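Me: I've got a model open and a pile of "why is it called that" questions. Can you walk me through them?

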Amino acid sequence: MSAPRAASVAPDPAGHAGPDPAARVARAGTARDAPVRDAPVTELRLLNHGHPSPLLLGADGSVRALEPPAAALPLGLTGLGGPAARPLVVPLPPGAVLLMYTDGVSESRDADGRFYDPAERLRTYPGRDPEALLTWLLDDVQRHGGTGDDDVAVLAVRAAAAGPPRAPGAE
């Protein structure tokens, strides 16, 4: 597995800083502009079609799996029937970190064949900086036993703290 690459946030080509430059969307190691809301996000609406449940890491050190209300078939297989995916709606407290990962993380096995449990392992990790968290997580998976030939994708996003109200149309 190659070392994780942190995406750098590039300034808006038009020179507009926007309400929160750190809220831009990073994809494949590059940053692209995305619409940014004026108000902080206070809740998540998640649909899960087969990947491991995301984890919500509270600023207080808690770690909670965000389990979907019902199992749904993976994307591309929903035409086979089964229940429709329903969104899970959860509050997003300021300072919390949402961690999403693929099964390359959770299916890592140690020498005794035990699977890697990210929720359990992250309960011992004190930080909430997304970049440091991802580096620690990927290093911890390697210490546990690595990923073999499985691919790994991880994403961590920290919820912003509520700021002062903005004037309508202010950038």
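Reply: Happy to. One starting point is Tyr 101, whose bridge partner in strand 8 is Val 154. Keep in mind that this is a predicted model.

Me: What makes strand 7 and strand 8 (residues 154-158) a pair?

Reply: The bridges between them. Two strands pair if there are at least two bridges, and strand 7 and strand 8 are joined by 5, running antiparallel. Strand 7 also pairs with strand 4 in the antiparallel sense, over 3 bridges. Within that pairing, Leu 56 has Leu 98 in strand 7 as its bridge partner.

Me: How do you know how well covered strand 7 is?

Reply: By counting its buried residues: 4 of its 5 are buried, so "mostly covered" fits, with buried meaning under 20% relative accessible area.

Me: Where is Thr 102, and what is around it?

Reply: Thr 102 sits in the loop between strand 7 and helix 1 (103-106). Setting aside residues up to four places away in sequence, Thr 102 touches His 51, Pro 52, Asp 151, Val 152 and Ala 153.

Me: Why is Thr 102 called buried?

Reply: Its relative accessible area is 13%, and the cut-off is under 20%, so Thr 102 counts as buried.

Me: What makes the approach of Thr 102 to Ala 153 a polar contact?

Reply: The Thr 102 side chain reaches the backbone nitrogen of Ala 153 at 3.0 Å. The limit for a polar contact is 3.5 Å between N or O atoms, so that distance falls within it.

Me: What about His 144: why is that one called buried?

Reply: Same kind of check: the relative accessible area of His 144 is 11%, under the 20% limit, so the label is buried. His 144 lies in helix 3. Its contacts, not counting residues up to four places away in sequence, are Ser 108, Arg 109, Asp 110, Arg 114, Phe 115, Tyr 116 and Arg 121.

Me: And why is Glu 43 called partly exposed?

Reply: Glu 43 has 36% relative accessibility, and partly exposed covers the range between 20% and 50%, so that is where Glu 43 falls. Glu 43 belongs to strand 3 (residues 43-46), and its side chain makes a polar contact of 3.1 Å with that of Arg 45.

Me: Which residues does Glu 43 contact beyond its sequence neighbours?

Reply: Leaving out those within four places in sequence, Glu 43 is in contact with Val 89, Val 90, Pro 91 and Leu 92. The C-alpha atoms of Glu 43 and Val 89 are separated by 6.8 Å, although the two residues are 46 apart along the chain.

Me: How do you know that strand 3 and strand 6 pair?

Reply: There are 4 antiparallel bridges between strand 3 and strand 6, and at least two are needed, so they count as a pair. One example is Leu 44, whose bridge partner in strand 6 is Val 90.

Me: What makes the side chains of strand 6 (residues 88-91) alternating?

Reply: Leu 88 and Val 90 point to one face and are buried, while Val 89 and Pro 91 point to the other and are not. In general, side chains in a regular strand alternate between the two faces of the sheet.

Me: Which residues touch the most other members of the largest nonpolar core?

Reply: That core has 16 residues, and the ones touching the most other members are Leu 55, Leu 57, Val 63, Leu 99, Leu 122, Leu 133 and Ala 156. Strand 4 (55-57), strand 7 (97-101), helix 2 and helix 3 each supply at least two of its residues. The largest share, 4 residues, comes from helix 3. Apart from it lies another core, of 10 residues, including Leu 46, Leu 56, Leu 88 and Val 90.

Me: How many aromatic pairs are there?

Reply: The structure holds 1 aromatic pair. Tyr 125 and Trp 136 form it, with 4.9 Å centre to centre and 35 degrees between the planes.

Me: Why is that pair called tilted?

Reply: Stacked needs planes under 30 degrees apart and edge-to-face needs over 60; at 35 degrees the Tyr 125 and Trp 136 pair is neither, so it counts as tilted. As for Tyr 125 itself, a relative accessible area of 13% is under 20%, so Tyr 125 is buried.

Notes: Residues numbered from 1 in each chain as written. Predicted model: local features only at pLDDT ≥ 70, side-chain atom pairs only at ≥ 80, totals over all residues. Heavy atoms only, no water. Phe/Tyr/Trp six-rings, centres within 6.5 Å; stacked < 30°, edge-to-face > 60°. Buried < 20%, exposed > 50% of the residue type's maximum accessible area, 1.4 Å probe, protein only. Core = buried A, V, L, I, M, F, W, Y, C linked by side-chain atoms within 4.5 Å. Contact = heavy atoms within 4.5 Å. Polar contact = N/O pair within 3.5 Å; in protein donor to acceptor, adjacent residues only side chain to side chain.
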